[in-house]
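Me: I want the reasoning behind each label in this model. Take me through the criteria and the values, please.

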Amino acid sequence: MNSKHGDISVMKKIIPLYLLSLVANTCFAQDVKINIPFQSIRSKFILMGELGKPFGTPLTVKGIVVNYFSKRGDDGPNIIVQSINDSAIQSFIQIPIKDFLGKVTDDPIANLIYGATYRFKVYETAGFIGIPYKMYSEEPFVKITAAPDTANGMTEVVVPGYIPQSSGFNFQNELIAKYGEKIEPIKWSPVQFMDRNALLSGIARNEGDIPVIQNTAWKLQLVGCRKWADAAVGKLAEVYGKVSETAIQSTYITQVVSYVK
């Protein structure tokens, strides 16, 4: 009997602590913005770029160049990064890219073909762009437009309180390229993702009871999966999982997380 009362007493103490921990976790899990003095950025902090290195670090990137339309200030030539310093990546990273003169269409990076794959020597930087919206209300912008006048032709009309189309005030990163060259499109291979998760595609085959996907350059054995159904064999399939090497050349295994056929 005493043992039971002791257990109840302990539980009465534990339950409030448990509830308190839930409340604390809920409160502190929220995103909290902190003020960082400008001087501290120079003396105490190292700002990391989207490419995973400190801003200003020379890097070699490969990826597809696209002509991106945006009102946020990141429009124009962008690169969808597929490789950083010869390390393949599949997480989506798209960054505006310019050369030292401000546009990648100037030398030494000229005649870009959108949709093509390029290699660039770059460094990543960033800065504030756009106009704070509160500035519009303090002193209205004025736009001069032309309106038809049957007697005098076109007449200028002043429109007070005009708010121009612009990006808001925000922090935007970009890549500054020293040089670049067009290269062949990147083809994903298991060897590019050793001991990492990767999404790979190939033709579905069965080797006995072992399902594989393969192409002319490599073969990937799927661990933890049933063999392909007859209807799937010979068709293109995509597999996502952690890649490992085997003792057989150009043959790899993957711990499958998901697959599409």
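**Labels and their criteria**

Me: Why is Asp195 called exposed?
Reply: Asp195 has a relative accessible area of 54%. Exposed means over 50%, buried under 20%, and partly exposed in between, with a 1.4 Å probe and protein chains only. The value of 54% is over the limit, so Asp195 is exposed.

Me: What kind of model is this, and how are residues numbered?
Reply: This is a predicted model in which local features need pLDDT of at least 70 and side-chain atom pairs count only at pLDDT 80 or more, while totals for chains, interfaces and linings use all residues. Residues are numbered from 1 along each chain as its sequence is written, and side-chain values use heavy atoms, with hydrogens and water left out.

Me: Where does Asp195 lie, and what is its phi?
Reply: Asp195 lies in the loop between S8 and strand S9 (197–207). Its phi is positive, about 60°, although Asp195 is not a glycine. Strands (E, at least two residues) and helices (H or I, at least four) are DSSP runs, numbered from the N terminus. The protein chain has three helices and 13 strands.

Me: What makes Asp86 exposed?
Reply: Its relative accessibility is 61%. That is over the limit for exposed, so the label holds. Asp86 is found in the loop between S2 and S3. Asp86 also has a positive phi, about 65°, although it is not a glycine. In the same hairpin of S2 and S3, with two residues between the strands, Asn85 takes a positive phi near 50°.

Me: Why does Gln221 count as buried?
Reply: Gln221 has 18% relative accessibility. This is under the limit for buried, so Gln221 is buried. Its place is in strand S11 (residues 219–223).

Me: What does Gln221 touch?
Reply: Contact means heavy atoms within 4.5 Å. Not counting residues up to four places away in sequence, Gln221 touches Glu207, Ile210, Pro211, Val212, Thr251, Tyr252, Ile253 and Thr254.

Me: Why are Gly180 and Thr125 labelled partly exposed?
Reply: Gly180 has a relative accessible area of 25%. Thr125 has 25% relative accessibility. The value falls between the limits for buried and exposed, so partly exposed is the label for Gly180 and for Thr125.

Me: Where do Gly180 and Thr125 sit?
Reply: Gly180 is in strand S8, and Thr125 is in strand S5. The C-alpha atoms of Gly180 and Tyr118 are separated by 6.6 Å, with their positions 62 residues apart along the chain. Thr125 and Leu175 are 50 residues apart in sequence and 6.3 Å apart in space, C-alpha to C-alpha. Leaving aside neighbours within four places in sequence, Thr125 is in contact with Phe55, Gln172, Asn173, Glu174 and Ile176.

Me: How do you know that S1 and S2 pair?
Reply: Two strands pair if DSSP finds at least two bridges between them. Strand S1 (residues 59–68) and S2 have eight bridges, in the antiparallel sense. The criterion is met, so S1 and S2 pair. Val65 stands opposite Ile79 in S2.

Me: Which other strands join S2?
Reply: Three bridges join S2 to strand S4 (residues 94–99), and these run antiparallel. Ile79 stands opposite Ile95 in S4. S2 also pairs with strand S3 (residues 87–88), antiparallel, over two bridges. In S3, Ser87 is the bridge partner of Ile84.

Me: What makes strand S2 mostly covered?
Reply: Seven of the nine residues of S2 (residues 76–84) are buried.

Me: What makes a nonpolar core, and which residues touch the most other members of the largest one?
Reply: A nonpolar core is a set of buried Ala, Val, Leu, Ile, Met, Phe, Trp, Tyr and Cys residues joined through side-chain atoms within 4.5 Å. The largest has 18 residues, and Leu51, Val61, Val81, Phe120, Val122 and Leu175 touch the most other members. S1, S2, S4, strand S5 (117–129) and strand S8 (170–183) each supply at least two residues of this core.
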